[in-house]
Amino acid sequence: MKETTPKPTMIGVSIRPSKHLKRVWEHPFVWWPLSCVLVLTVVVTYLSQLVNEGMWADLILPIPFVYVITLIGLVIGIVINTAVYKFIVFLAKGDATFQQLFSGVLYITPITIIGTIISHLAIIMFHVPKDITITSLNAFI
């Protein structure tokens, strides 16, 4: 009987990274984490629009077009990031596939996006200055 390993989870990667990234490595999923990253990016873009109202008012492009460009740019950025990791793995004579690396990047990316969401919500709800990132130790140093 074939033993099945549980699927990795987005929350699991942030709580127990080594365990869940090993699962990502064994079974690289792409579509589910990509969908989650795209949805979170739409949320961040909307919150950014609320935080930086003056900048968004000066845009020549229509707002929906900005969202589409943001999503396309995010996917291209993740692909470039993965290609750089693949090049480093190649130089180190590793055996990771592009899909494994791409899946790993997709599972790690929401951690950064959620930090940005928390920062934007703090600016909106508690009027924290925009130059202070509350999800980083930089604010305390």
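**Exercise 1. The contact of α3 with α6**

Task: State which residues of α3 meet which residues of α6, and determine how the two helices are oriented to each other.

Solution.

Step 1. On the α3 side, the residues in the contact are P33, L34, V37, L40, T41, V43, V44, L47, S48, L50 and V51. Their partners in α6 are L106, Y107, T109, P110, I113, I114, T116, I117, H120, L121, I123 and I124. These assignments come from a predicted model.

Step 2. Sorted by class, this contact of α3 with α6 holds 18 nonpolar residues, five polar residues and no charged residues.

Step 3. Two packed helices are described by the angle between their axes and the distance between the axes. For α3 and α6, the angle is about 20° and the axes are 9 Å apart. Angles under 35 degrees count as roughly parallel, and α3 is therefore roughly parallel to α6.

Step 4. The handedness remains to be given: α3 and α6 cross in a left-handed manner.

**Exercise 2. One residue of α3 and its distance to α6**

Task: Is V43 buried, partly exposed or exposed, and how far is its C-alpha atom from that of I113?

Solution.

Step 1. V43 belongs to helix α3.

Step 2. The relative accessibility of V43 is 35%. Buried means under 20% and exposed means over 50%, so V43 is classed as partly exposed.

Step 3. Along the chain, V43 and I113 are 70 residues apart, while 9.2 Å separates their C-alpha atoms. Both residues appear in the contact of α3 with α6.

**Exercise 3. The contact of α3 with α5**

Task: Classify the orientation of α3 and α5, and describe the residues that meet.

Solution.

Step 1. Helix α3 covers residues 31-51 and helix α5 covers residues 63-91. Their axes come within 10 Å and cross at roughly 135°.

Step 2. Roughly perpendicular covers 65 to 115 degrees, and roughly antiparallel requires over 145. The crossing at roughly 135° fits neither class, and α3 and α5 are therefore oblique to each other.

Step 3. The crossing of α3 with α5 is right-handed.

Step 4. From α3, the contact includes L34, V37, L38, T41, V42, T45, Y46 and Q49. From α5, the residues are I63, Y67, T70, L71, L74, V75 and I78. Eleven of the residues in this contact are nonpolar, four are polar and none is charged.

**Exercise 4. A threonine in α3**

Task: Is T45 buried or exposed, and which residues does T45 touch beyond its neighbours in sequence?

Solution.

Step 1. T45 is located in helix α3.

Step 2. With a relative accessibility of 7%, T45 falls under the 20% limit and so counts as buried.

Step 3. Leaving aside residues up to four places away in sequence, T45 touches W56, Y67 and T70. Y67 and T70 are among the α5 residues that meet α3.

**Exercise 5. The aromatic pair**

Task: How many aromatic pairs does the structure contain, and what is the geometry of the rings of F98 and F102?

Solution.

Step 1. A search through the whole structure yields one aromatic pair.

Step 2. In this pair, the ring centres of F98 and F102 are 6.1 Å apart and the ring planes stand at 10°. Planes under 30 degrees apart count as stacked, so the pair of F98 and F102 is stacked.

Step 3. Both residues lie in helix α6, residues 98-126, with a spacing of four residues, about one turn of the helix.

Step 4. The accessibility of each is then classified. F98, at 35% relative accessibility, is partly exposed, whereas F102, at 11%, is buried.

**Exercise 6. Positive phi values outside the helices**

Task: Where do K93 and H127 lie, and are they buried or exposed?

Solution.

Step 1. K93 is in the loop between α5 and α6. Although K93 is not a glycine, its phi is positive, near 60°.

Step 2. H127 lies in the segment after α6. H127 also has a positive phi, about 55°, and is not a glycine.

Step 3. K93 has a relative accessible area of 75% and is exposed. H127, with 67%, is exposed.

**Exercise 7. The whole chain**

Task: How many helices and strands does the protein chain contain, and what share of its residues is buried?

Solution.

Step 1. The protein chain has six helices and zero strands.

Step 2. Buried residues make up 31% of the 141 residues.

Step 3. Among contacts with a separation of 6 or more, 56% join residues 24 or more positions apart.

Technical notes: Residues numbered from 1 in each chain as written. Predicted model: local features only at pLDDT ≥ 70, side-chain atom pairs only at ≥ 80, totals over all residues. Heavy atoms only, no water. Axes fitted to C-alpha atoms, helices over the stretch in contact; angles between N-to-C directions. Left-handed = near helix turned anticlockwise from the far one by under 90°. Contact = heavy atoms within 4.5 Å. Nonpolar A, V, L, I, M, F, W, Y, C, P; charged D, E, K, R; others polar. Phe/Tyr/Trp six-rings, centres within 6.5 Å; stacked < 30°, edge-to-face > 60°. Buried < 20%, exposed > 50% of the residue type's maximum accessible area, 1.4 Å probe, protein only.
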